[in-house]
Amino acid sequence: MNQRSSNLLDEALGLDQVIEPWPLRGQVVAIEDQVETSGSFVLHHLLKRSLSPNSSNVTIFIAFSQPFSHYDRILRKLGCNLVSQRDNSRFFFFDMLKLQCPGITPEGGLIALYGKIHKTISALPEISWKNVSIIIDDLSLMEVAANGSSDYVLDFLHYCRTLTSEFDCSLITLNHEDIYSSEDRPTFFIQMEYLADILIKAEPLATGLATDVHGQLTVSNKGRNKVSNFHFKVKENVVECFYPGRS
Amino acid sequence: MAESICRALRDGALEGELAPALTIKDSVASPFALQVFSHVLSQLFSSILAGKSQSRGLVVVSFSRSPSFYLDLLKNKGTDIASSNNQIQILDCYSDPLGWKDQLAGSRNFTALSNEVLVSSTAIVFREVKHMDKLYNSIIELGKGLVGGGKIRFSIAIDSVDEMLRHAPVSSVARFLSNLRSHDQISSIFWLLHSDLHEARVTAVLEYLSSIVASLEPSHQLANGQRGDLENFSLIKHNSKKGKFHVRFKKRNGRVRVMSEEVHIELSGINFTSLPSEGAINQGLVPKVQFSLQLSEKERIDKANVVLPFEHQGNGKPIQIYDGRRSLVDGKHERPFAAVENVQTNENCGSGEIIYYRDSDDEMPDSDEDPDDDLDI
């Protein structure tokens, strides 16, 4: 099902072979993008992979950016039905668009969110724990929801990381590089780079805009000590990844 | 050089002196501090087990990684953890540093998992990382639990100071580290630091507190810090597996010793080798353009032979330099009659002379006069 074209990305992430047990278990995957090259397609691709019929993966999706209908529409084009996955308890959608409630402090809100995630995973049978993926879209909006306090968000991310050690699940986050580019020391952004086991950067080409290529992806896989770089083009139903010069 | 570090930590502290302290610092461009830290930790622990070091126990204060990471690390190096329970203790500041799990357990149906029990004999969970004093006391208590009271010393490894600096001001962290160094039961102490997460002054404070500073730098600096260019990709790939390792020792006699090595990151671990010669590195980095950027041997010799127009050449004799005032008769250099071209070159012609052609005959020799003299102010 259109698997051939995303093979380079799957290969770089270790998803090209068996996906049961989930190859990304116990790892933190950080996706970084820019305005010109949105990295959401990587998020959608990982979501599709984790909800593949070949695996028993469970995904907890924490959405600060878009409502459920948005992801449903996109994943439908990729061949995945989020509604039925949600009904089958393989997909848990935490709508955080309204996190800003009066009376709840940012820290309190994040502690509660952590508790909710922990509870959701604990409720699953123990064998499924390592097949759980926690996806956060996206970190900069989480910072906004926490009233700009990156400290609380970093604390929350730390606790999410303890989930990866506790349950052996995986954590996938998306953040935008250009939001922090004006700062002298983008601490929050750099912190994620240190935390990540796999770092995926979506950047425009050095040569500028092009019709055949939307941008380049650089995947740094610390666990495998491997760095890959290739171009991508986002199409209607699929993302094509290819080495430079071969589209 | 990595050997020297391990030796210094092994030898420990002298009576009445501060314990040696090591900072291992890196940046995103060469993020290998964890591998170096793990290497130093496993080496030190091996010497502790073998009885070859001053310290008799190791306390690991772990903020960034779970205790099982360290236990697995030592197990993979061949250490039998089960039997060395009384020589290593881990203060677990990773699992619940701010007490969130306690808070949640109090309010709703939160069941903390019990896989912490597996490591509980070697790891104690610490829940109040914002309180430096309590942290200090817990570390000392753990250490004394390992080696007893009295004169026996233990070592401390902190992973990492960045997390501490997030929760407490730099002055508290500095005081905390200083107090640890002055405690008479501490043999040596080392910590990990990511320099780009903090202001320069914070890194400077920690470096002042250390007797050894080990820093990791990328083998190749990326152009303008840009990481988007494909040309830089090969450098990124190179930097992801190799780096430069600089160590600065502050010795007891006041001297400072600086050493450098190259570091290679492999899946199996980290390797230290001596630095290759500069030329070998630079060869691969000269951009391929259509003109020659290098000097040939002859060109280099000729360039060295040119007498520069300074007043003194350092050999006691005053030098007469052509400054444009010599007459036609005088001098070895001829003034061509209709020299239109403005040729001023430091020509290499064996003797290394500077040849100066005047623009035209009408031009007056260079004058000493101040060109502003004719201003009527």
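# Exercises on a two-chain predicted model

Of the 377 residues of chain B, 44% are counted as buried. The structure is a predicted model. Each exercise below is followed by its solution.

## Exercise 1. The fold of chain A

Task: Find how many helices and strands chain A has, and state how its radius of gyration stands against the globule rule.

Solution.
- Step 1. Chain A has 8 helices and 9 strands.
- Step 2. Its radius of gyration is 17 Å, and the globule rule gives 18 Å for 247 residues; the two are close, so chain A is as compact as a globular protein of that length.
- Step 3. Along the principal axes, the C-alpha atoms of chain A fill a box of roughly 55 × 45 × 35 Å.
- Step 4. Of the 247 residues in chain A, 58% are buried.
- Step 5. Take the contacts in chain A between residues at least 6 apart in sequence: 69% of them join residues at least 24 apart.

## Exercise 2. Surface and charge of chain A

Task: State what area chain A exposes and how far apart the mean positions of its positive and negative charges are.

Solution.
- Step 1. The exposed area of chain A is about 10,100 Å², with 50% supplied by carbon and sulfur atoms.
- Step 2. Chain A carries 22 positive and 29 negative charges.
- Step 3. The mean positions of these two sets are 8 Å apart.

## Exercise 3. Chain B

Task: Describe chain B by its helices and strands, its contacts and its exposed area.

Solution.
- Step 1. There are 11 helices and 12 strands in chain B.
- Step 2. Among its contacts between residues at least 6 apart in sequence, 70% join residues at least 24 apart.
- Step 3. Chain B exposes about 20,900 Å², and 51% of this comes from carbon and sulfur atoms.
- Step 4. Helix H1 of chain B covers residues 2-11, and its buried residues include B:Ile5, B:Cys6 and B:Leu9.
- Step 5. Just after this helix, B:Gly12 has a positive phi of about 80°.

## Exercise 4. The contact between the chains

Task: Find how many residues each chain gives to the contact, and which residues of chain A lose the most area to chain B.

Solution.
- Step 1. Chain A gives 41 residues to the contact and chain B gives 45 residues.
- Step 2. Between them the two chains bury about 3,700 Å², 57% of it on carbon and sulfur atoms.
- Step 3. On the chain A side, A:Tyr159, A:Tyr194 and A:Asn225 lose the most area, together 20% of what that side buries.

## Exercise 5. Cis peptide bonds

Task: Place the cis bond that ends at A:Asp138 and the one that ends at B:Ser160.

Solution.
- Step 1. Most peptide bonds are trans.
- Step 2. In chain A, the bond from A:Asp137 to A:Asp138 is cis, with omega near -10°.
- Step 3. A:Asp138 sits in the loop between strand S4 (132-137) and helix H6 (139-145) of chain A.
- Step 4. The relative accessible area of A:Asp138 is 3%, so this residue falls under the 20% limit and is buried.
- Step 5. Leaving out residues up to four places away in sequence, A:Asp138 touches A:Phe64, A:Ser65, A:Leu174 and A:His176.
- Step 6. In chain B, the bond from B:Asp159 to B:Ser160 is cis, with omega near -5°.
- Step 7. B:Ser160 lies in the loop between strand S5 (154-159) and helix H6 (161-167) of chain B.

## Exercise 6. Positive phi in chain A

Task: Locate A:Ser89 and A:Asp168, and decide whether each is buried, partly exposed or exposed.

Solution.
- Step 1. Most residues other than glycine have a negative phi.
- Step 2. A:Ser89 has a phi near 60°, a positive value, and lies in the loop between helix H4 (82-87) and strand S3 (91-95) of chain A.
- Step 3. With a relative accessible area of 39%, A:Ser89 is partly exposed.
- Step 4. A:Asp168 has a positive phi of about 65° and lies in the loop between helix H7 (150-167) and strand S5 (170-176) of chain A.
- Step 5. A:Asp168 is partly exposed, at 30% relative accessible area.

## Exercise 7. The surroundings of A:Ile117

Task: Is A:Ile117 buried or exposed, and which residues does A:Ile117 touch?

Solution.
- Step 1. A:Ile117 belongs to helix H5 (residues 106-123) of chain A.
- Step 2. Its relative accessible area is 0%, so A:Ile117 is buried.
- Step 3. Not counting residues up to four places away in sequence, A:Ile117 touches A:Ile60, A:Ile62, A:Phe94, A:Ile134, A:Phe156 and A:Leu163.
- Step 4. A:Ile62 is 55 residues from A:Ile117 in sequence, and their C-alpha atoms are 9.3 Å apart.

Technical notes
Residues numbered from 1 in each chain as written. Chains lettered and ligands numbered in written order. Predicted model: local features only at pLDDT ≥ 70, side-chain atom pairs only at ≥ 80, totals over all residues. Heavy atoms only, no water. Helix = DSSP H or I, 4+ residues; strand = E, 2+ residues; numbered from the N terminus. Rg over C-alpha atoms; globule rule 2.2 N^0.38 Å. Buried < 20%, exposed > 50% of the residue type's maximum accessible area, 1.4 Å probe, protein only. Contact = heavy atoms within 4.5 Å. Areas by Shrake-Rupley, 256 points an atom, 1.4 Å probe, with all protein chains shown as cover. Lys, Arg positive; Asp, Glu negative; His and termini not counted. Charge placed at Lys NZ, Arg CZ, Asp CG, Glu CD. Buried area = accessible area lost by both parts, 1.4 Å probe.
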